[in-house]
Amino acid sequence: MQIKSVSVRGYRTIRDELSFDLDNMVTLVGPNNAGKTNTLKAIQLFFTGYENELNYKFEKDMCKGEKSLRTNIQITFRDIDPLIDKDLSEIVHQIRSYLKILS
């Protein structure tokens with residue numbers, strides 16, 4: 001499994017949508033408070049979940065000064081092998097089943 005692209009919005013210092021594709025390598029470059037570390041923290045939060053050891057707290061991790069802006073973290077994958085990535089495949093199956101129930 002490989003991450004194809006990342007999109008983050010409304011997380012800590014990342015107010016507007018920050019999207020980028022991941023080819024073979026990515027280098028995050030920018031001044032202090034540009035969102036480099038928070039981009040990596042958002043990716044980590046995506047994989048560890050809302051209730052995790054990182055102690056995600058809405059009040060602390062919401063975008064500063066934006067009370068109505070919701071955190072949105074999207075990751076697109078490529079090359080998911082159901083045999084190798086069995087856990088991920090099962091989670092995707094469960095989410096799809098849940099969404100069918102809601103619709």
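**Figure 1. Contacts across the chain in the predicted model.** Of the contacts in the chain with a separation of 6 or more, 60% are accounted for by residues 24 or more positions apart. The model is predicted. The chain holds three helices and three strands, and from the N terminus on these elements follow the order β-β-α-α-β-α. About 40 × 35 × 25 Å is the span of the C-alpha trace along its principal axes.

**Figure 2. Burial, surface and charge in the chain.** The chain has 103 residues, and 25% of them are buried. Its accessible surface comes to about 8,000 Å². Carbon and sulfur atoms hold 52% of that surface. The chain carries 15 positive and 14 negative charges. The mean position of the positive charges and that of the negative charges are 6 Å apart.

**Figure 3. Close-up of S5 in strand β1.** Strand β1 covers residues 2-9 and includes S5. The relative accessibility of S5 is 17%. S5 therefore counts as buried, because the term applies under 20% relative accessible area. Leaving aside residues up to four places away in sequence, S5 touches F20, D21 and L22, and also Q74, I75 and T76.

**Figure 4. Close-up of the nonpolar surface patch with I95.** Four residues, I91, I95, Y98 and L99, make a nonpolar surface patch of about 410 Å². One of them, I95, lies in helix α3, which spans residues 86-102. The relative accessible area of I95 is 48%. I95 is therefore partly exposed, since exposed means over 50% and buried means under 20%. This value also fits the patch, because patch residues have over 30% relative accessible area.

**Figure 5. Close-up of S97 in helix α3, with I84.** S97 has its place in helix α3, the helix of residues 86-102 that also holds I95. With a relative accessibility of 31%, S97 counts as partly exposed. I84 and S97 are 13 residues apart along the chain. Their C-alpha atoms are separated by 21 Å.

**Figure 6. Three residues side by side.** S5, in strand β1, is buried at 17% relative accessibility. S97, in helix α3, is partly exposed at 31%. I95, in helix α3, is partly exposed at 48% and belongs to the nonpolar patch with I91, Y98 and L99.

Methods. Residues are numbered from 1 along each chain as its sequence is written. This is a predicted model: local features need pLDDT of at least 70, side-chain atom pairs count only at pLDDT 80 or more; totals for chains, interfaces and linings use all residues. Side-chain values use heavy atoms; hydrogens and water are left out. Helices (H or I, at least four residues) and strands (E, at least two) are DSSP runs, numbered from the N terminus. Buried means under 20% relative accessible area, exposed over 50%, partly exposed in between (1.4 Å probe, protein chains only). Contact means heavy atoms within 4.5 Å. Accessible areas come from the Shrake-Rupley method with a 1.4 Å probe; for residues, only the protein chains shown count as cover. Lys and Arg count as positive and Asp and Glu as negative; His and the chain ends are not counted. The place of a charge is taken as NZ of Lys, CZ of Arg, CG of Asp or CD of Glu. Patches are made of residues with over 30% relative accessible area and no salt bridge: like charges are joined within 9 Å, nonpolar side chains (Val, Leu, Ile, Met, Phe, Trp, Tyr) within 5 Å. A salt bridge is a side-chain nitrogen of Lys or Arg within 4 Å of a carboxyl oxygen of Asp or Glu.
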